[in-house]
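Student: Could we go through the charged pairs in this one together? I would like to take them slowly.

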Amino acid sequence: MAMTDTQPMEILDDKAQSPSTIMDVDEPVTVHDHEAFATKNMPELGHDVEDFKVFTWRLTKWKSLEKKITGPEFDCGGHRWRILLFPTGNSNAPPNESVSIYLDYADPKTAAEGWHACAQFALVMSNIHDPGTYVVSHAHHRFVAEECDWGFTRFHDLRKLYNAQETQKRPIIEDESADVTVFVRVLKDPTGVLWHNFANYDSKKETGYVGLKNQGATCYMNSLLQSLFCTRYFRRAVYQIPTEDDVPHESVALALQRVFYHLQTSDAPVGTTELTRSFGWKSLDSFMQHDVQEFNRVLQDKLEIKMKGTAAEGAINKLFVGKMKSYIKCVNVEYESARTEEFYDVQLNVKGMKNLQESFRDYIAVETLEGENKYQAEGFGLQDAKKGVIFQSFPPVLHLQLKRFEYDIQRDAMVKINDRHEFPFEIDLAEFLDESADRSQSYLYKLHGVLVHSGDLHGGHYFALIKPDRETRWLKYDDDRVTPVTDKEVLEENYGGEIMNGVLSQVQQRNQARNAVKRFTNAYMLVYIRDSAIDEVLAPFTEMDTPPHLKRRLEEERLAQEAKKRERDEQHLFLTAKVITDETFQQHQGFDLASFDEKNWPPSELPTFRVLKTESYLQFKSRVAQHFHYKETQIRLWVLVNRQNKTVRPDTHIPESEQGLNVELVRNNMAARQSDLRLYLDVIDNPTESVDSARPLDNNSIMIFLKHFSVNEQTLKGVGKVYVQRNSKVGDLVSTINMKMGWASTTPIRLFEEIKPGMIELMKPKMTFAQSEIQDGDIICFQVELPEKESHDLESQGLYSSPVHYYDFLQNRVMIFFKPKFEDLDKEEFELILSKKMNYEMMSQKVADALKHESIKLRFTTSNANGTPKSILKRSLNQTISDIMQPTAYNTSPSTIIFYERLEVSIVELETKRSLKIIWTGIHNKEEVTLPFLLPKTSMVHDLADQIAHQVTLSPHGSGKVRVFEISKDGRRQKEFTGTEMLGNLSDVEMYAEEIPLDELNASEADKIIDVFHFTKEPSRTHGVPFRFVVRPDEKFSDTKKRLQARMGVPDSNMTKYRFALVQMAQFKQPTYIADDDVVYDHKWLPEDVLGLDHIDKTGRAGRTGGNERAIVIKG
C-alpha cells in the first residue's frame, strides 16, 4: 500500500478520530446533500476544480467481508477511481481494531506514461437508514504510479462503528450494513507540479531551464544570477568581455561566463563554487547571507570595469541606469537649486503603502519648506520652497528594491516589514517623470522578475520568479529546482500581509504554523522591463551569441570529465601496476627500492600502468617491454611483497609457463596484501638464453641490490643489482663494487645491510651470504672506508659520516615549507628537508643559509591545520622539529608549514622591545600601508608618532603632525592617544595613524570638529576608518561635501554614490539624511553624534570594529 502509518497519514488520522467536531459546526448536513456536505467537510484549497463526483458503495454482511475489497469503478476528471477497503484494518495493529479506507486510482498500469491526478477527497461511512449519522475524513494527494492510492489506515475504531456514540442515535454499521461514500474533486494543475514531491523531477525537461546549487547560504546570489541570466542583453554583454587567457577562479568575468554557459547547456543544476572563488571568497563566505542589492551593485561595478575598452562597454549603463533630479524650488521667487543623479535601482517604501503606485508617489512626494523651516535661497533670503525628487528617465530594465527591512524606533532594532504591498504585471511610470523628460517613448513597464525573501531579519531563504520572455510562462527558480508557477503564485502569494479578507478556512485554522511562515514570504526586489524594449532586452539567444573559445574550452572539460567518470565507473575492472626500473632505483634516495607508503615522504614517481584484471600476464609483459623499448626476451618482472619487517622487496619473478595466468591472479597469488601490483623490471644481460633460465649463475645464486652512500655528496643512491653465490663470502663483493664504480681494486669498502628502517647493520666480510641470511631482493649499502679523524671532522660540521647516521636521517626526515609571515614584506617561499631530531638553532641556521640572512635575526611562527599562522616559536635549544610540528588528530601530515620573519634586530633583543603594526591612513583616510615597529617598551606613543613621521611621506605644505589612535568599539569614532602612554603598557589593539589636516590645526573657536565614519545602509554595518572633520558656521552642505571629498580624495564618479546622514546615538534615532542646502553646523552636536557616509564598502574590512556583518567584496 502506498500509505500505511507514515507521518502524513498520522496527521490525517488525527482529523478522522474526532469527526463530531466537524458535524457540530453550523447546521447539520447529510451525506445525500452532496454540495452542502462537500462545502462543510472539504475545505477550499484555492485551486480550480476540474470535476466533482460523489460515489456511494453499500456494503452488507460486514463481518463476512474479505480482508481486502475494492468497490465499483467510477469516472471523475477523466480518470477511473474506486474505493479500497480493509474491513478489519491494514496496519501492524491487532486486527479487528480499526477500518482502513483509501481512494484508489483504478488502473494505473494502462494510464499514459507520466500520468498524474491531483485530487481532494473525503471518505465517509454512514448509516444506511440515517445519512446524517456518519464519520468522515478528508485529504488531498497527487496520485502517480508510485503512489496510486491514498487514504486512512486508521479511518475509525471498528467497535465504535458498531455502537451509537453520544451525539448519534444509531450506529454507523447497523444490521451488518453501512454505506461507504467518496466525494472527489479533481483539481486543475496548470503548472503540472501541484503537490509534487520532486523525487525524480527534471527541471530542464519540464521548463527548459536548470537551477543553481546552494553552497550553504548563497540562495540570495542564486536568485539574482538567474535574473541576470534571463536578462539576455546582459548575458550577451558578459559574453563580450574578452577572457580567452583568463583563469576561471581568478577572473569574475570568465567564471560568470562559465556559469551562464552551463545554465544554457547543462541538464543538471549548476555549481557556483568557481564563481565565488573568483570573487576571492573562502568557504565561510558562502555560509553568510548578504543583501541582494549590495551584491548586485558590487558585481555590476566589477563587471563595468572589465567591460571598459571592449564591445560590451556601456552595456550596464544602457540597461540599468536611469536619472533622477533632486530639487528645492522657491514658491514666490524664480529660484531653483537642483542636482541630477544616476541610479541603478530605486528603493521604495513598503510601510504604509498599499501598492507600487503609492510607493512611487511617496518617493516623489513634495515637502514644503515654510515657517521656521524656510529655505535660505541665494540672493533671496529665507523663502517658502518645495523640496523633492523627480525622475528624468527610467532605464530599459528597472530594478526596484522594496524596503522590507527598516529601523524600528520602539524596538531600537532593524525589523522586517511583512505588510501587504501589491505590485502589478504592468505599470505606466509616465506620471512619475519630470515635465522636461523625453516622452517620445512609452513608459509602460512589464513585470519580468520577482525576487522573494521568506523569513525574518536574521535569516531565511531567497528565490526568484522570472518570466524569461513574452512567450514563456512564469517560472520559479529555487536554488537547484526550476518549476512553473501560476499568476497567483507570482503576485498574490508575494504581496505579504494577512490572507486576503482576513478569513481563514478550516484547513488553514488547523495549520496556523504553516500559515504564519507564509506571511513572512514576500517580494523584496522587482524587475520591470520597458514594454517597447522587451524584444531587444530578451531577444532569443543564438549559437553566435556564445563566444567560440568558451564553447571549445567547456566542451573539452566536459569530455575530460566524462572520461574521468568512465574511468571511475570502470575502476573495479582494472588494477594499477607500478614498475621499478634500474633507472628509478638509481634516482631513489630512501629505504627499499622506492617509496610507497612512507609517512614521512611522498611516494616515488614510478612508471604506472592501468591494467585490465583479466589481461593475460604475457600480454601485459609485452606492453611493458614495448613501453621501455626492450624485446620481450630481454626482461622479466619480479613481484614486490610487503615483508613482515615492514620493508617492500622483490620476492620472486613471475613464471611465464603457467597457462591462463592473468594480472589479477599474479596480484592475488603473489602479492595478496597489496591493492596495486608493484613490480621490478629485471633486464637480462644475455637475452639469447630463455627467460626462465636467465640467471647468469645456477639456482644457488641470489639477486641483491646495491646502494652507495657518498660522504662527499651526502647522498644515498641505488647503483644496480648483482647476482652472488649463496656460499660465497660477503667480502668477495668488494671487487665487484670497485669494478662497477670504476674505483681502484685496492679501495677499502665497508658493507652494511639495510634490514629495515632503524636497523642498518655492518656486515662481516668473512661470513657467507647464506650465513648472513641474505636472500633475493635484499639491499646492501656500501661506502668508502674513512679514517677516524675524517669521520670526526664531518660530524663536527653537522654532516653524516656513515650510512647508519644517514639512514637515521632518512627515517626522521621531513619536508618543511617556509613561507613569509607578512607577504607585503617578503615574497620568498621555499622548502627544506630537515630531520625531526634537529633543534631550533639548527633549523634556524638552515633557513638563514637559504635566505642569506643572520639566523639570530629570524623569527618563526607555527601554522594551523588550515595553513594560517598560529603561534610564535620561543627560541629554545631543547625544542626539536618534532616538538615544533606537534602532529594532532586533525593534522597528521608530517610535511608542515612554518612562517618566518626577517628581523632588523636579534630575536634576543625582541624580549625587551614592543613589536607594533600601525595602519597608516595618510591625509586622505585611505589604508595605505601597514608599518611595523620594534621600539623599547619604555618608549611613549609620541616617540612612535615621530618614528611614523620619518617612515611616511607627509604632505609638502601640510601640518607635519601625526595622530596615533584606535577605533571605538562601535566603529564610529577615533580614540586618540595622548602621546604619553608607555608602549609596554598598551593593550593589544589595532592601531592607526594619520596626518592631521592643516584646517583642523588651524580651526577657529567658532568651528566645530566632528567625527565622521563609513557605513553601508545601516549605521551598524561600519567599514573603513573613522576620521575627524571641521564644520564651519553658515556653510551649506553642498560646500561641506566638496571639502569632505577633498579630505578623502574620492573621485567625482564615486562621490555621486555617497549619501550623507546625521547619526545620533543618545536618542536612538534613524539616520537623518542631509540635503545639499542643509547646514550641519547648526545641529546641536552631542559628544556621541557623528556624521555617517553611506556607501558600498570596497575594502572588505567591515565589521572588525563593531559592525556585525561583513561587507561583500569581489576581488577577481
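**Buried charges and their partners**

Tutor: Lys 707 has a relative accessibility of 1% and therefore counts as buried, where buried means under 20% relative accessible area, exposed over 50% and partly exposed in between, with a 1.4 Å probe and protein chains only. Bear in mind that this is a predicted model, in which local features need pLDDT of at least 70 and side-chain atom pairs count only at pLDDT 80 or more, while totals for chains, interfaces and linings use all residues. Residues are numbered from 1 along each chain as its sequence is written, and side-chain values use heavy atoms, with hydrogens and water left out.

Student: Which residue forms a salt bridge with Lys 707?

Tutor: Glu 754 does, and the closest N and O atoms are 2.9 Å apart; a salt bridge here is a side-chain nitrogen of Lys or Arg within 4 Å of a carboxyl oxygen of Asp or Glu. Lys 707 lies in strand β31 (residues 701-710) and Glu 754 in strand β33 (residues 749-756), so the pair ties together parts that are 47 residues apart in sequence. Strands (E, at least two residues) and helices (H or I, at least four) are DSSP runs, numbered from the N terminus.

Student: And Glu 754, buried or exposed?

Tutor: Glu 754 counts as buried, because its relative accessibility is 1%.

Student: Which residues are linked with those two in a network?

Tutor: The network of salt bridges links Lys 707 and Glu 754 with Asp 592, Arg 643, Arg 649 and Asp 778. Asp 592 sits in the loop between α18 (582-587) and β27 (608-612), is buried at 8% relative accessibility, and has a phi near 55 degrees, a positive value in a residue other than glycine.

Student: Where else is there a positive phi in a residue that is not a glycine?

Tutor: Asp 1034 has one, of about 60 degrees, and this residue is placed in the loop between β47 and α28. With a relative accessibility of 70%, Asp 1034 counts as exposed.

Student: Back to salt bridges: how many does a search of the whole structure find?

Tutor: The search finds 54. One of them joins the side chains of Lys 325 and Asp 434, at 3.5 Å from N to O. That pair links distant parts of the chain, 109 residues apart, with Lys 325 in strand β10 (residues 322-330) and Asp 434 in the loop between β20 (426-428) and β21 (444-456).

Student: What is the relative accessible area of Lys 325?

Tutor: Lys 325 has 14% and is buried, and Asp 434, at 14% relative accessibility, counts as buried too.
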